[in-house]
Every structure is written in C-alpha cells, then in structure tokens.
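User: Please take a close look at one part of this structure, the surroundings of the ligand, and then describe the strands and sheets. I am in my first year, so explain the terms as you go.

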Amino acid sequence: MPETAPDTIKQIVIVGGGSAGWMTAAALSSMLPAHAVRISLVESEQIGTIGVGEATIPDIINFNAMLGIPEAEFLKATNGTFKLGIKFVNWGRLGEDYLHPFGPHGADMNGIDFHQFWLRHLEQNPSSTIEDFSLSAVAAKAGKFAMPDPNPRSVLSQLRYAYHFDATKYALFLRNYAEQRGVRRIEGKMTEVRQDPETGFIQQIELEDGSAIPGELFFDCTGFRGLLIDKALDVPFKDWSHWLPCDTAQAVACELSGDILPYTISTAKEAGWQWRIPTQHRTGNGHIYSSSLMSDDAAIDSLLKDLDGPAIGSPRKIRFRTGHRARLWEKNCVAIGLSGGFLEPLESTSLFLIQEGISKFIALYPSADLPASVRDEYNRQLVKKFEQVRDFIILHYKATERDDSPFWNHTRTMDVPDSLTQRIELFREAGRVFRYEDELFSKPSWVAVLLGQNIVPKSVDPIVGTVDRAGIARSLQSMTTAMTNAVTQMPTHRAFLEKYAWSGASA
Ligand SMILES: Cc1cc2nc3c(=O)[nH]c(=O)nc-3n(C[C@H](O)[C@H](O)[C@H](O)COP(=O)(O)OP(=O)(O)OC[C@H]3O[C@@H](n4cnc5c(N)ncnc54)[C@H](O)[C@@H]3O)c2cc1C
C-alpha cells in the first residue's frame with residue numbers, strides 16, 4: 001500500500017492558443033478540478049494561429065467523447081463534414097488513383113487477413129480492386145454517409161469515419177469549453193522565459209505588459225516558434241526533411257462547388273501534392289512542395305489552376321520543417337503541437353499527435369516533483385509514435401513509379417528507414433502486414449497504400465494458397481452484395497449533414 005499521497009501540481013501554464021493549446025486546456029480542465037489545479041492559457045491575438053488543419057482521422061472522435069462533446073453540436077460549431085478516407089491521385093503512377101478508406105476491407109476468415117483471400121481472388125480476376133470490399137470506400141465513392149451500426153453483425157458496423165472542419169472554429173469551441181471549466185485565458189505576448197539558474201526549470205513567463213505568470217508545469221503550444229522547448233530549453237530537433245522533402249505550403253480556401261465529398265483528395269504534383277478538403281461552407285486547398293524544386297509563383301499558379309471553385313482571398317504561404325524535438329518533455333515543459341514536431345499533413349495526423357501528447361501525459365500524470373522516470377517514459381512513447389507515423393507517410397513518397405520530375409526521382413530512389421524497408425519487403429514477399437505495439441495505422445491502412453501504390457505481393461500467404469478459389473469467390477460476392485445494398489440505402493453525405501449537423505440535432 002502506498003505510504004503517502006503524492007504532492008500534486010497546483011499551477012499549470014499553457015503558452016499558445018491554437019488547436020494544441022486549447023485541446024490541452026480542454027482535456028486538462030475536464031480531468032483536473034479547478035479548485036485543486038489552476039490552469040492558465042496565454043495567447044496573443046496579435047500573433048494569431050497557423051489557421052490550417054482541417055482534416056482528421058477517426059481517433060478525434062475519442063477525444064471529443066472523452067470531453068463529453070455532443071457530435072452534432074461540435075459539427076455545427078466547426079462547419080464540420082464527414083470524412084471516410086483519402087483519395088490519392090497520381091501517387092503511384094500518373095493517371096491512377098486509389099482510396100485509403102477508414103475501417104477494414106472485407107472480413108478476416110479463420111484468423112487470416114482478408115486481403116490474403118482477395119489476393120488469391122485477384123489471380124483470376126485482375127480487374128478486382130480491394131476498395132470494392134471496404135464499406136467506407138464504397139460509400140465514399142457514392143457520395144453517401146451513415147453512422148456505423150454498433151451491432152457487429154451488421155455490415156454497417158464496418159464503417160469508420162473522421163471529420164473535415166474549420167480548425168480555428170474548433171479551437172474557439174474548445175476555448176469556451178475550457179473557460180467554462182475554470183481555465184483562465186490571458187491575452188498577451190510572452191517576451192521572457194525565466195528559468196532557475198541551477199536546474200534550468202522554468203519558473204515563470206513574462207508578458208509584454210510586464211506581468212509575470214509563474215507555474216510548476218508549462219506546456220509549449222507556441223507552434224513552430226517553439227518558444228519554450230527550443231528558444232529557452234534548447235532541445236535539439238530531429239530533422240526528417242531528407243525523407244520528407246516538402247517544406248512549404250500555399251493554402252487558400254475556395255467556394256464549394258458540386259457535392260460535398262465525404263473524403264479528402266490528395267493529388268500528387270510535380271514537386272509535392274495538393275489537398276482538397278470540403279467543409280460545410282467552403283473547400284480548403286493547399287499545395288505542399290519542396291521549395292528547392294519549385295518557386296513560390298509556380299506553386300501558386302498550380303494551386304489556383306486546380307481549384308474547383310473561385311478562390312476566397314489570396315494564397316497564404318507557410319514554411320515548415322519535418323521532424324520532431326528529440327525530447328518532447330524537457331524539465332518542466334511539455335511541447336504539444338507544432339512546437340513538438342510536424343510530419344506534414346498527408347495523412348492528417350497532426351491533430352492526432354496533439355491528442356496523443358495529451359492522452360499520454362494524462363496517463364503518466366506526474367506528481368509535483370516531476371519524476372525523471374515519468375518524463376523518460378513519455379518521451380519514449382511519443383517519439384515511437386512520431387516514428388511510426390513517419391514511416392507510413394514516407395511510404396507514399398517511396399512507393400512510386402513516377403519518374404517525370406526531379407522530386408519523384410529523389411523520393412523513389414531515396415533510402416528509407418530500415419523499419420519501412422522491412423515492412424515493404426515483407427509485404428512484397430507474401431502480403432504479410434503486422435501492426436506493431438499500439439501503432440496508429442491498422443493493417444488495412446498499410447494494405448490500402450501498399451497496393452494502391454502498386455506494391456503487389458509475389459505470392460499469397462501459403463496457407464491461403466491451399467484454399468478453394470470458388471469458395472473465396474462466393475464469400476467475396478456475398479460481401480460486395482451486402483455492401484452495395486447497404487450503400488444504396490444510405491443518404492447522400494449532404495442530406496445526412498442537413499439533417500444531422502446543420503440543424504445541430506441528433507440523427
Ligand atoms: C500546411 C499545413 C497543413 C495542415 N493540415 C492539417 C490537417 O489537415 N490536419 C491536421 O490534423 N493538422 C494539420 N496541420 C497541423 C495543424 O495545423 C496544427 O497541428 C495545429 O493547428 C496545431 O497548431 P499549434 O496550436 O501547435 O500552433 P499554432 O496554431 O501556430 O498556435 C500557436 C499559438 O501560440 C501563440 N503564440 C506564439 N507566440 C506567442 C507569444 N510570444 N506569446 C503568446 N502567444 C504566442 C499564438 O498566438 C497561437 O495562439 C497542418 C499544418 C500545416 C503547416
């Protein structure tokens with residue numbers, strides 16, 4: 001039995017009020033009673049936020065649920081729409097596309113992954129695509145949406161989704177949530193970080209108006225500036241730009257045109273790629289590119305040429321560096337959001353990494369003496385998460401046959417992390433995929449991108465090689481029939497939104 005209750009932290013200071021700052025404030029205020037822990041958040045309207053970050057992955061649903069946020073209320077407040085996956089255009093080869101859907105392909109049989117059966121089926125049915133066996137993909141292509149059915153016997157239980165939304169409105173929504181739970185918002189520009197001369201621990205931050213805000217624990221949510229973790233604590237940055245060479249984005253919204261698609265589109269271009277993210281009121285667009293291979297003017301021209309509605313305002317340039325802080329928790333400072341690292345938005349993982357930073361912190365919530373063992377474990381888990389996501393993103397650049405520009409010639413021929421090489425080789429041999437530790441991306445996600453970018457296994461799993469083809473064909477046929485029927489019954493994405501999200505009422 002523990003001998004004493006530990007000393008608890010009484011003052012937490014969050015510096016920065018973008019998505020990272022307000023997600024942190026909202027989560028902490030939902031866990032920690034305001035009378036026991038004073039949480040302050042400092043932000044500067046004069047500096048503003050990054051203002052992009054519209055696409056998510058399904059884990060965000062858990063974050064909102066943890067806060068007890070009603071989904072329809074959240075969608076209404078953030079102009080949110082539903083996202084069933086990402087369509088990748090021109091990535092493997094020019095003129096080709098594939099969907100990385102959320103959720104499984106088909107159903108595993110006798111403990112063997114579904115894609116193995118599909119690969120055996122493919123041998124005699126070369127026009128079959130694995131997407132035809134993903135309910136999320138079939139619904140996405142039909143522009144339909146419905147809620148997953150909690151009954152595991154229903155084919156609708158296979159649906160997984162995330163959101164597209166206005167990230168600035170999300171931060172505002174969470175700000176209201178956190179302030180109602182006692183978080184004190186302080187408007188002002190931080191100009192100084194005071195540290196203990198002996199330990200280097202942060203004692204207080206100081207604002208332009210001369211006020212000081214002391215704390216025991218600080219969250220650096222200052223975005224790419226990294227004012228605490230970098231400028232004050234000088235934690236080195238692990239640079240991954242040799243694997244992820246894009247370093248600049250031009251972002252612009254445009255007017256909605258046509259249907260509101262329930263998926264993101266990512267189109268590979270000459271020296272990078274372009275995103276298209278539909279929210280309720282507009283479409284977010286951005287062209288991400290390597291500035292050493294494309295000028296800003298050329299990038300802007302290419303972006304504007306490929307909008308599918310009139311631009312709203314002018315493109316905004318954002319510079320970034322891919323990688324992460326060697327330690328995300330240093331002394332009494334935890335870096336969450338862009339201050340901690342950035343892996344480019346190809347698989348919409350930044351808000352997820354913020355969420356991970358917060359939930360791992362809560363799981364390891366420290367006593368007031370901030371034990372080094374807790375810090376080390378936090379850093380180990382977060383760095384692992386960054387590395388796992390990194391490998392998945394690099395796969396999109398590496399697994400290409402494009403040879404039409406210096407950018408693709410570089411990514412196609414570059415050396416990649418050993419962990420990724422091993423995965424690709426294992427898949428190429430007999431289609432084997434594993435999910436390591438509590439890694440984010442599931443087997444179907446890896447399969448979708450590997451196959452989508454033309455890495456086809458030399459053979460199927462030898463066990464599946466012994467299974468009767470006719471039986472497989474019958475199972476696959478009944479799966480597609482069930483999916484087609486289910487999708488036929490679903491409302492269009494727009495109709496679903498009108499009923500569910502625009503009115504703020506439950507479906
Ligand atoms: C091009 C691009 C596209 C992206 N797309 C996606 C996406 O689709 N999906 C996704 O999940 N993520 C995406 N992201 C990432 C996402 O935008 C960020 O992870 C998220 O918005 C969190 O940002 P942040 O809060 O860390 O930083 P910011 O939004 O930059 O906030 C920093 C905060 O710190 C404050 N601050 C800074 N200096 C001071 C100071 N001296 N004093 C007081 N306050 C200060 C600012 O005022 C601001 O409030 C994208 C990022 C980029 C660059």
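Analyst: The answer starts with the ligand, then goes on to the sheets and ends with two loop residues.

This is a predicted model, in which local features need pLDDT of at least 70, side-chain atom pairs count only at pLDDT 80 or more, and totals for chains, interfaces and linings use all residues. Residues are numbered from 1 along each chain as its sequence is written, and side-chain values use heavy atoms, with hydrogens and water left out.

The ligand is surrounded by 34 residues. A residue is counted as near the ligand if one of its heavy atoms lies within 4 Å of it. The closest are Gly 17, Val 52, Ala 55, Met 190 and Leu 351. Sorted by class, the shell has 16 nonpolar, 14 polar and four charged residues. In this sorting, Ala, Val, Leu, Ile, Met, Phe, Trp, Tyr, Cys and Pro are nonpolar, Asp, Glu, Lys and Arg are charged, and the others, Gly among them, are polar.

Two helices, α1 (19-31) and α9 (350-363), each supply at least two residues of this shell. Helix α9 gives the most, with three residues. The names follow DSSP runs, numbered from the N terminus: a helix is a run of H or I with at least four residues, and a strand is a run of E with at least two.

Some polar contacts to the ligand involve the protein backbone. A polar contact is a pair of N or O atoms within 3.5 Å; within protein, one atom must be able to donate a hydrogen and the other to accept it, and residues adjacent in sequence count only if both atoms are side-chain atoms. A polar backbone atom of Ala 55 is 2.7 Å from a nitrogen atom of the ligand. An oxygen atom of the ligand lies 2.8 Å from a backbone N or O atom of Leu 351, and for Cys 221 the distance from a backbone N or O atom to a ligand oxygen is 3.4 Å. The ligand has 1,000 Å² of accessible area on its own, and the protein covers 97% of that. Such areas come from the Shrake-Rupley method with a 1.4 Å probe, and for residues only the protein chains shown count as cover.

Helix α1 leads to the first sheet, since β1, α1 and β2 make a right-handed β-α-β unit. Right-handed means that, with the strands pointing away from the viewer, the path from the first strand over the helix to the second runs clockwise.

Strand β1 (residues 11-15) runs parallel to β2, joined by five bridges. Two strands are said to pair if DSSP finds at least two bridges between them. Ile 14 of β1 has Leu 41 as its bridge partner in β2. Ile 14 also has a bridge partner in β11, Phe 219. Strand β11 (residues 217-220) is parallel to β1 and joined to it by four bridges.

Strand β2 (residues 38-43) has five of its six residues buried, so it is largely enclosed by the rest of the structure. Buried means under 20% relative accessible area, exposed means over 50%, and partly exposed is in between, with a 1.4 Å probe and protein chains only. β2 also pairs with β7 (residues 184-187) in the parallel sense over four bridges, and there Val 42 is partnered with Ile 186.

Together, six strands form an open sheet of mixed pairing, in the order β7-β2-β1-β11-β20-β19. β7 and β19 (329-330) are the edge strands, each with a single partner, so one side of each has no neighbour in the sheet.

Another strand to look at is β13 (residues 248-254), where seven of seven residues are buried. On one side these are Thr 248, Gln 250, Val 252 and Cys 254, and on the other Ala 249, Ala 251 and Ala 253. β13 is antiparallel to β16 (residues 283-289), with seven bridges, and Ala 249 is partnered there with Ile 288. β13 is also antiparallel to β17 (residues 311-319), with six bridges, and Gln 250 stands opposite Lys 317.

Two loop residues remain. Ser 348 lies in the loop between β21 and α9. Ser 348 has a positive phi of about 55 degrees although it is not a glycine, and at 8% relative accessibility it counts as buried. Asn 454, in the loop between α13 (443-452) and α14 (469-489), also is not a glycine and has a positive phi, near 70 degrees. With a relative accessible area of 22%, Asn 454 is partly exposed.
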